[in-house]
Amino acid sequence: VFLVDRDWSDALSIKYQQQKLVVLKKYSIENYLIDYSVFKAIVLANNPRENIEEIFSHKDFALLTKKLSEILRPLFECFLTMQKVKDPRPGCGQKKPGHFQSEKKRGWPDEDKINNFIKDINITIPESVRKYFKGSQVIEKGHGKYLLQFIWNAVREKNSKREQMDQDRLMIRLAQTVDTKVFKKLCEEIIKKADHKNRG
């Protein structure tokens, strides 16, 4: 059984014929780790004597992800449209999240950099693309590495004891602390594919 990121294959009408293939429901595995429970665990580990509701509540996390979604949504719309029209210029595959990182706001995305990139690309965003990223769907359908990096930067900034952690270590810590129910449906789909393979 093979497992692949969805990326934006559904929006690009890419169909997979491989019978033993499981395609993630979200953009990538990183999107599954964007959950309050995992970030809460890391913050608590760094602040074991603090009241989590005071230093990083579920409401704090919801507001943070909502704000970042609003900032990053236009960039994701531009990236996806570029792929739709096969624009050869460097997009999300070549430009890392750090390219759009603010130098003043301690790791937050720089809205001016994003707006300038979109302006330079100068491409019309179809309504179907705007609908694709509408509302809270950005967290599931947006570029996982971008979302994870900027959410982590914002969590670290909010947390007074900021822990230095590279992306690989962060992914491991998040995977260790994530509520396993997040992966329940994915596991069921993998098992179903495996059972189908064995029956065949």
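A disulfide is counted here as a pair of cysteine sulfur atoms within 2.5 Å. In this predicted model, the structure holds zero disulfides. For Cys92, the closest cysteine sulfur belongs to Cys78 and lies 9.9 Å away, which is too far for a bond because a disulfide requires the two sulfur atoms to be within 2.5 Å.

Burial was computed for two of the cysteines and for Val22, as set out below.

| Residue | Relative accessible area | Class |
|---|---|---|
| Cys92 | 12% | buried |
| Cys187 | 41% | partly exposed |
| Val22 | 0% | buried |

Val22 is found in strand 2, which covers residues 21-23. Leaving aside its neighbours within four places in sequence, Val22 is in contact with Val1, Phe2, Leu3 and Val4, and also with Leu186, Glu189, Ile190 and Lys193. Val22 and Val155 are separated by 133 residues in sequence, and their C-alpha atoms are 32 Å apart in space.

Val155 takes part in a helix pair, since it is among the helix 8 residues that meet helix 4. Helix 4 (residues 58-84) and helix 8 (residues 144-158) pack at an angle of about 145 degrees, with their axes 10 Å apart, and helix 4 passes helix 8 in a right-handed crossing. On the helix 4 side the contact is made by Asp60, Phe61, Leu64, Thr65, Leu68, Leu72, Leu75, Phe76 and Phe79, while helix 8 contributes Tyr146, Leu147, Phe150, Ile151, Ala154, Val155 and Lys158. The residues of this contact divide into 13 nonpolar, one polar and two charged.

Key:
Residues numbered from 1 in each chain as written. Predicted model: local features only at pLDDT ≥ 70, side-chain atom pairs only at ≥ 80, totals over all residues. Heavy atoms only, no water. Axes fitted to C-alpha atoms, helices over the stretch in contact; angles between N-to-C directions. Helix = DSSP H or I, 4+ residues; strand = E, 2+ residues; numbered from the N terminus. Left-handed = near helix turned anticlockwise from the far one by under 90°. Contact = heavy atoms within 4.5 Å. Nonpolar A, V, L, I, M, F, W, Y, C, P; charged D, E, K, R; others polar. Buried < 20%, exposed > 50% of the residue type's maximum accessible area, 1.4 Å probe, protein only.
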